[in-house]
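User: I'm new to this one and would like a walk through it. Could you take my questions in turn?

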Amino acid sequence: MKNNNKIHSEISSYYSSKITTYGDTPQGVDWNGEEGQALRFEQLSKVISIGDSPISINDLGCGYGSYSEYLGYLYNKVDYQGVDLSIDMIDSALKRHKDKLNVNFIVSDRPNRVSEYSIASGIFNIKQERNDEEWWNYLVETLHILDRYSSKGFSFNCLTSFSDEDKMRNYLYYADPMRVFEYCKNNFSKNVALLHDYDLYEFTILVRK
């Protein structure tokens, strides 16, 4: 694995500025609103096998931990670990969830445990000044982290290269869905799903082991 300390620092600074400005809201993790956030969570959660309960989950790039709240509506028992590069994000998460059992947060680029599932929502979108090939390498290295710390599967989303050209921005990374799908098939599992049918300019990949 390459040294990504500089990229991690850039990401941390970007998201720390968002949570400082907007607080623990969807805008604080650079989403437009709660509706889109919930729709993303719905897609990512499809990696979880029906009937699994209790479940353990790592949330890479957890922000203020809103995914743990979403899971709480669906499952009676969830062992959740949120992981984020931004100290400010983790501080906000700890305050918001201070009285909750089986919910913990760490400042890191990876979990400190293997869980049944891992998810990553939105962490591949903001490349800032990085070129596409640099960001692709970072994305791939991060996928290997998700794989390593998941026993049953993992899921993640990316902005899609099929976005309307007039709405695309230079500081965002638009991934080729088929390139990502093929990489996952070749490196992680034969059971990979590509979801590109939920009316957002993005796609979700599910990897089941």
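User: Among contacts in the protein chain between residues at least 6 apart in sequence, what share joins residues at least 24 apart?
Analyst: Keep in mind that this is a predicted model. Take the contacts between residues at least 6 apart in sequence, then pick out those whose partners are at least 24 apart. That share is 66%.

User: What order do the helices and strands come in?
Analyst: There are six helices and eight strands to place in the protein chain. Reading from the N terminus, the order is α-α-β-α-β-α-β-β-α-β-β-α-β-β.

User: How does the radius of gyration sit against the globule rule for 209 residues?
Analyst: The C-alpha trace spans about 45 × 40 × 35 Å along its principal axes. For 209 residues the globule rule gives 17 Å, and the chain comes close to that, so it is as compact as a globular protein of that length. Its radius of gyration is 16 Å.

User: And what percentage of the 209 residues is buried?
Analyst: Here a residue is called buried when its relative accessible area is under 20%. Buried residues make up this much of the protein chain: 54%.

User: Which element gives the most residues to the largest nonpolar core?
Analyst: That core has 37 residues, and Phe124, Leu143, Phe156, Val180, Cys184 and Ile205 touch the most other members. At least two residues come from each of several elements, including α1 (5-22), β5 (150-160), α6 (177-187) and β8 (202-208). The top giver, with seven residues, is α5.

User: Leaving aside neighbours within four places in sequence, which residues is Phe156 in contact with?
Analyst: Phe156 is one of the core members that touch the most others. With its sequence neighbours set aside, its contacts include Leu143, Leu146, Val180 and Cys184. The rest of the list is Leu44, Ala120, Phe124, Phe203, Thr204 and Ile205.

User: How many residues are in the second, separate core?
Analyst: Leu44, Val47, Val103 and Phe105 are among its members. The count for this second core is 23 residues.

User: At what angle do the axes of α5 and α6 cross?
Analyst: α5 passes α6 in a right-handed crossing. On the α5 side, the contact is made by Glu133, Trp136, Val140, Leu143 and His144, while α6 brings Arg179, Val180, Tyr183 and Cys184. These residues divide into six nonpolar, one polar and two charged. The axes come within 12 Å, and they cross at roughly 35 degrees.

User: Is Asp84 buried or exposed?
Analyst: Asp84 lies in strand β2 (residues 78-84). Not counting residues up to four places away in sequence, Asp84 touches Gly61, Cys62, Gly63, Met89, Ile90, Ile106, Val107 and Ser108. Its relative accessibility is 9%, under the 20% cut-off, so Asp84 counts as buried.

User: How far apart are the C-alpha atoms of Asp84 and Gly61?
Analyst: Along the chain, Asp84 and Gly61 are 23 residues apart. In space, their C-alpha atoms are separated by 4.5 Å.

User: What is the phi of Asn102?
Analyst: Most residues other than glycine have a negative phi. Asn102 is found in the loop between α4 (87-96) and β3 (103-107), and it is exposed, with a relative accessible area of 52%. Although Asn102 is not a glycine, its phi is positive, at about 60 degrees.

User: What about the relative accessible area of Asp199?
Analyst: Asp199 is found in the loop between β7 (191-195) and β8. Its phi is positive too, near 65 degrees, in a residue other than glycine. Asp199 is over the 50% cut-off, so it counts as exposed, with a relative accessible area of 80%.

Note on methods. Residues are numbered from 1 along each chain as its sequence is written. This is a predicted model: local features need pLDDT of at least 70, side-chain atom pairs count only at pLDDT 80 or more; totals for chains, interfaces and linings use all residues. Side-chain values use heavy atoms; hydrogens and water are left out. A nonpolar core is a set of buried Ala, Val, Leu, Ile, Met, Phe, Trp, Tyr and Cys residues joined through side-chain atoms within 4.5 Å. Buried means under 20% relative accessible area, exposed over 50%, partly exposed in between (1.4 Å probe, protein chains only). Helices (H or I, at least four residues) and strands (E, at least two) are DSSP runs, numbered from the N terminus. Contact means heavy atoms within 4.5 Å. Axes are lines fitted to C-alpha atoms, for helices over the stretch in contact, and angles run from 0 to 180 degrees between N-to-C directions. A crossing is left-handed if the near helix is turned anticlockwise from the far one by less than a right angle, and right-handed if clockwise. Ala, Val, Leu, Ile, Met, Phe, Trp, Tyr, Cys and Pro count as nonpolar, Asp, Glu, Lys and Arg as charged, and the others, Gly among them, as polar. The radius of gyration is taken over C-alpha atoms; the globule rule is 2.2 Å times the number of residues to the power 0.38.
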